[in-house]
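Biologist: I'm new to this structure and would like to learn how to read a helix and its surroundings. Could you walk me through an example?

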Amino acid sequence: MHAEDDADSLERATQEFIAARPQLFGVAYRVLGSTTEAEDIVQEAWVRWQNTDRREVLEPKAFLTTVTTRLAINLAQSARMRRESYVGPWLPEPVDTSRDPNVGAERAEAVEMAVLLVLEKLNPVERAAYVLREAFDYPYPQIAEIVDTSEANARQLVSRARKHLAAERREPVDRAEHQRLLKVFLTAAQTGDLAMLEHVLAEDVVSYADGGGMRGASKIPVVGRDHVSRYLGAFAPRFWPGSEINWVEANDRPAVLVSSGGKPLALLCVEASPRGLERLMWVMNPDKLVPYVRSLAA
């Protein structure tokens, strides 16, 4: 009988974990900006859930979210040091949101590539508090409990994060305009049309190429309309001929997957505002690109 009770308990625990898993991944991914690290965190949360005296847990989902968030905060603190030694610009790992636009959340907040890039500049606790509030609609008392602080401080954490994002980002355009601007840019970039590039790029546009040190990827961000236009015009003859272009979705926005001979070369994501394209984000690091492409075919 005892063995049967244990089996029933583990089955219930498994069901509860599976039900919570999309949210757990969504929290961890937003805090870390990495699908690989988020999966590791979710796996660790499962191990801890198995080893917990679950008779004392009144709300399994709340317990699992707390464990996952705290694990993600701890990993983000060490990840920040690793990313300081990253070769070239660091970009979040892209995620396919075509089947789950909200990535396990109440709202599709804090999942766009540009937002994740800005969130990386916050400390991990600010990031976690913002994610719990804006994406998952957690009340402040529960956020305070999860990140182990006071309710007043939880409100301050979210407020600081909002102000930082507001200072770093302009109001985004809608999905249709986002795709239109990306199409115009793609045509101009492929042909090296400097006039058209300058027309579609914001004056202080920034281009990031995350190659993880691979040859051909710029080791520093390229800043400003003139510099970005000339940079794109210079490498157009080497990069675009023979390339295959596929429209995909990444992080709740239209994106472009560039391949050659069936091998992925880059995923292009952009941030767009009424001024034009604010950020160009080229994910070229195979460690980030290949898992994303694999997920498209899953």
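Biologist: How many residues does helix 11 have, and what length does it reach?

Modeller: Keep in mind that this is a predicted model. Helix 11 covers residues 286-297, twelve in number. From its first C-alpha to its last it reaches 17 Å, close to the 16 Å expected at 1.5 Å a residue.

Biologist: Which residues of helix 11 are buried?

Modeller: Buried means under 20% relative accessible area. In helix 11, Lys288, Leu289 and Tyr292 meet that cut-off. Seen down the helix axis, these buried residues fall within an arc of 90°, so they line one face of helix 11. On the other side, Asp287, Arg294 and Ala297 are exposed.

Biologist: What covers the buried residues of helix 11?

Modeller: The cover includes strand 1 (201-210), strand 3 (244-250), strand 4 (253-260), strand 5 (263-273) and strand 6 (276-283).

Biologist: And what can I look for at the start of helix 11?

Modeller: Look at Asn285: one of its side-chain oxygens reaches to within 2.9 Å of the backbone nitrogen of Asp287.

Biologist: Let's pick a residue from a strand. Is Glu249 buried or exposed?

Modeller: Glu249, which lies in strand 3, has a relative accessible area of 16%, so Glu249 is buried.

Biologist: Which residues does Glu249 touch?

Modeller: Leaving out residues up to four places away in sequence, Glu249 touches Val95, Asp96, Thr97, Ser98, Arg175 and Tyr292. Tyr292 is one of the buried residues of helix 11. As for Ser98, its backbone nitrogen lies 3.4 Å from a polar atom of the Glu249 side chain.

Terms used:
Residues are numbered from 1 along each chain as its sequence is written. This is a predicted model: local features need pLDDT of at least 70, side-chain atom pairs count only at pLDDT 80 or more; totals for chains, interfaces and linings use all residues. Side-chain values use heavy atoms; hydrogens and water are left out. Helices (H or I, at least four residues) and strands (E, at least two) are DSSP runs, numbered from the N terminus. The expected span of a helix is 1.5 Å times one less than its number of residues. Buried means under 20% relative accessible area, exposed over 50%, partly exposed in between (1.4 Å probe, protein chains only). The arc is that of the directions from the helix axis to the C-beta atoms. Contact means heavy atoms within 4.5 Å. A polar contact is a pair of N or O atoms within 3.5 Å; within protein, one must be able to donate a hydrogen and the other to accept it, and residues adjacent in sequence count only if both atoms are side-chain atoms.
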